[in-house]
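Let's take a walk through this model together, one region at a time. Have the sequence and the coordinates open as you read.

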Number of protein chains: 2
Amino acid sequence: MTTLWERSRQVAVQAILDTAVRLFAEQGYEQTTIAQIAREAGISQRSLFRYFGTKEDLVCGDQEALGNLLKRTVEQQPAEMSAWDALRAGFEVVLTANHTPERALELSRLIFDTPSLRARYIEKRLSWQAELVPVIRARLGNGPGRPAPDTQARAIVATVFACADTATELWAGHDGRLDLADLYDQCLGAVRGQG
Amino acid sequence: MTTLWERSRQVAVQAILDTAVRLFAEQGYEQTTIAQIAREAGISQRSLFRYFGTKEDLVCGDQEALGNLLKRTVEQQPAEMSAWDALRAGFEVVLTANHTPERALELSRLIFDTPSLRARYIEKRLSWQAELVPVIRARLGNGPGRPAPDTQARAIVATVFACADTATELWAGHDGRLDLADLYDQCLGAVRGQG
DNA sequence: GTCCTCCTGGCAGTTAATGCCAAGTAGGCG
DNA sequence: CGCCTACTTGGCATTAACTGCCAGGAGGAC
């Protein structure tokens, strides 16, 4: 039940999203105004702000869902798997669940080329990081002479995200011709010594 | 020559900065308007925007200088020093050059607690990263079977910044009672295996 | 049909930020 | 000292992202 509203809402969201991404690609993010997107999507400016709280959410909005997916996937990895491998597995799942590669490439380029978008994107990712820290901490063995588990977990999560980000940037810079998972492994290998 | 203008400019900048930081600490960043800062600092709103291009620059403004300092310091490390050690040395210099610890703590907390500020801070950080990549690449030995130097350099720089950020967040969370350089080493150690 | 609920659109208002122009001030020069 | 030039300052208008408020319309239960 309560389906028609939700369905038309989904349709509206998709129409707005398509319009926005098209306009951003055509004339750039900063040069595109909310008024223009609303006009071309056939919706009022006021309602657009109800669907997407901010202009940046038009690009980074569905990151929320990906964050949850990542967390759930990492949690479900076997307990004997190391923190690094569990995160790697989560990253892999998120990659395949993303969008079509073309769309993902378009969005990645938009984000990496627009400072304010990139900042916003990372801001969202920081909240995933925070949520992942306890999950990773639970997976760490408390070896002797190691830093506090919290510090350790935070550092590991931050590093994994930094490498994922770097890999994505390289991937977008090469127009998606390289394999993203490969790039991720290379980045992590460069950091952890041939990992 | 051209001293009186520069001197009074310095005075004005400092007065604005003090007013702004005080107001931010008192009532929060979002709740403080540019108009209020300008009024209390005895300057017109228009001139305030000439000194500081954006509201966020009132907090993150001098990060620019720190970025340059970091880059120069890393460049000047002996050629035989590893990329990791050179970055570590640069980080150390930046730490001591920062501000008084109290001021640094206050600013760090403000940044970490205010999403838009944190986003802006990361944006600045990303531009340092980009500038540091060629410096680090020049320092990498082209061992066999390694990833492309560019990938390697980007990954290393991103990781170092991720650890520095994590350490700063932990430091601010503990009210500055822990040693920041220690935290940085712990983070990097957790990532690189007892580094 | 009636009522209730939720969504939508318009309108006004706030805030950050930018361009423009007139007025003021420092400093060099006769 | 008086003048001219260079540069700064402040007020005004404007834009763009948001937000609150309120009237009106479209589902859905009875």
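A good place to begin is the protein surface that faces one of the DNA strands. The residues of the surface near DNA strand C divide into 6 nonpolar, 6 polar and 4 charged. Here Ala, Val, Leu, Ile, Met, Phe, Trp, Tyr, Cys and Pro count as nonpolar, Asp, Glu, Lys and Arg as charged, and the others, Gly among them, as polar. A residue is near a strand if one of its heavy atoms lies within 4 Å of it.

Before going further, a word on conventions. This is a predicted model, in which local features need pLDDT of at least 70 and side-chain atom pairs count only at pLDDT 80 or more, while totals for chains, interfaces and linings use all residues. Residues are numbered from 1 along each chain as its sequence is written, chains are lettered from A and ligands numbered from 1 in the order in which they are written, and side-chain values use heavy atoms, with hydrogens and water left out.

Back to DNA strand C: 16 residues surround this strand, and the closest are A:Ser47, A:Arg50, A:Tyr51, B:Arg46 and B:Lys55. Of the atoms of DNA strand C that come within 4 Å of the protein, 57% belong to sugar and phosphate. Which element gives the most to the surface near DNA strand C? That is H3(A), with 4 residues. At least two residues each come from H3 of chain A, helix H1 (3-27) of chain B and H3 of chain B. Helices (H or I, at least four residues) and strands (E, at least two) are DSSP runs, numbered from the N terminus.

Some polar contacts (pairs of N or O atoms within 3.5 Å; within protein, one must be able to donate a hydrogen and the other to accept it, and residues adjacent in sequence count only if both atoms are side-chain atoms) add detail. A polar side-chain atom of B:Arg46 sits 2.6 Å from a base oxygen of DNA strand C, and for A:Arg46 an N or O atom in the side chain is 3.5 Å from a base oxygen of that strand. The backbone of DNA strand C is reached too: a polar side-chain atom of A:Ser44 is 3.1 Å from a phosphate oxygen.

Now turn to DNA strand D. This strand is surrounded by 17 residues, the closest being A:Arg46, A:Lys55, B:Ser47, B:Arg50 and B:Tyr51. Sugar and phosphate make up 57% of the atoms of DNA strand D within 4 Å of the protein. The surface near DNA strand D comprises 7 nonpolar, 6 polar and 4 charged residues, and H3(B) gives the most to it, with 4 residues. How far is the side chain of B:Arg50 from a base nitrogen of DNA strand D, and what do B:Tyr51 and B:Ser44 approach? An N or O atom in the side chain of B:Arg50 is 2.5 Å from the base nitrogen. B:Tyr51 has a polar side-chain atom 2.8 Å from a phosphate oxygen of DNA strand D, and B:Ser44 has one 3.1 Å from a phosphate oxygen of this strand.

Next, chain A as a whole. Chain A has 10 helices and 0 strands, and its C-alpha trace spans about 60 × 45 × 25 Å along its principal axes. Of its 195 residues, 48% are buried, where buried means under 20% relative accessible area, exposed over 50% and partly exposed in between (1.4 Å probe, protein chains only).

What lies inside? The largest nonpolar core (buried Ala, Val, Leu, Ile, Met, Phe, Trp, Tyr and Cys residues joined through side-chain atoms within 4.5 Å) has 76 residues, and those with the most contacts inside it include A:Leu132 and B:Leu132. Setting aside neighbours within four places in sequence, A:Leu132 is in contact (heavy atoms within 4.5 Å) with residues including A:Val74, A:Val157 and A:Phe161. A second, separate core of 46 residues includes A:Ile37 and B:Ile111.

A:Thr151, in helix H9 (residues 149-173) of chain A, is in contact with B:Leu170, B:Gln186 and B:Cys187, leaving aside neighbours within four places in sequence. A:Thr151 is buried, with a relative accessible area of 7%.

Finally, the cysteines. There are 0 disulfides over all chains, a disulfide being a pair of cysteine sulfur atoms within 2.5 Å. For A:Cys60 the nearest cysteine sulfur, that of B:Cys60, is 19 Å away, and A:Cys60 is buried at 0% relative accessible area. B:Cys163 is in no disulfide either, with the sulfur of B:Cys187 5.3 Å away; B:Cys163 is also buried, at 0% relative accessibility.
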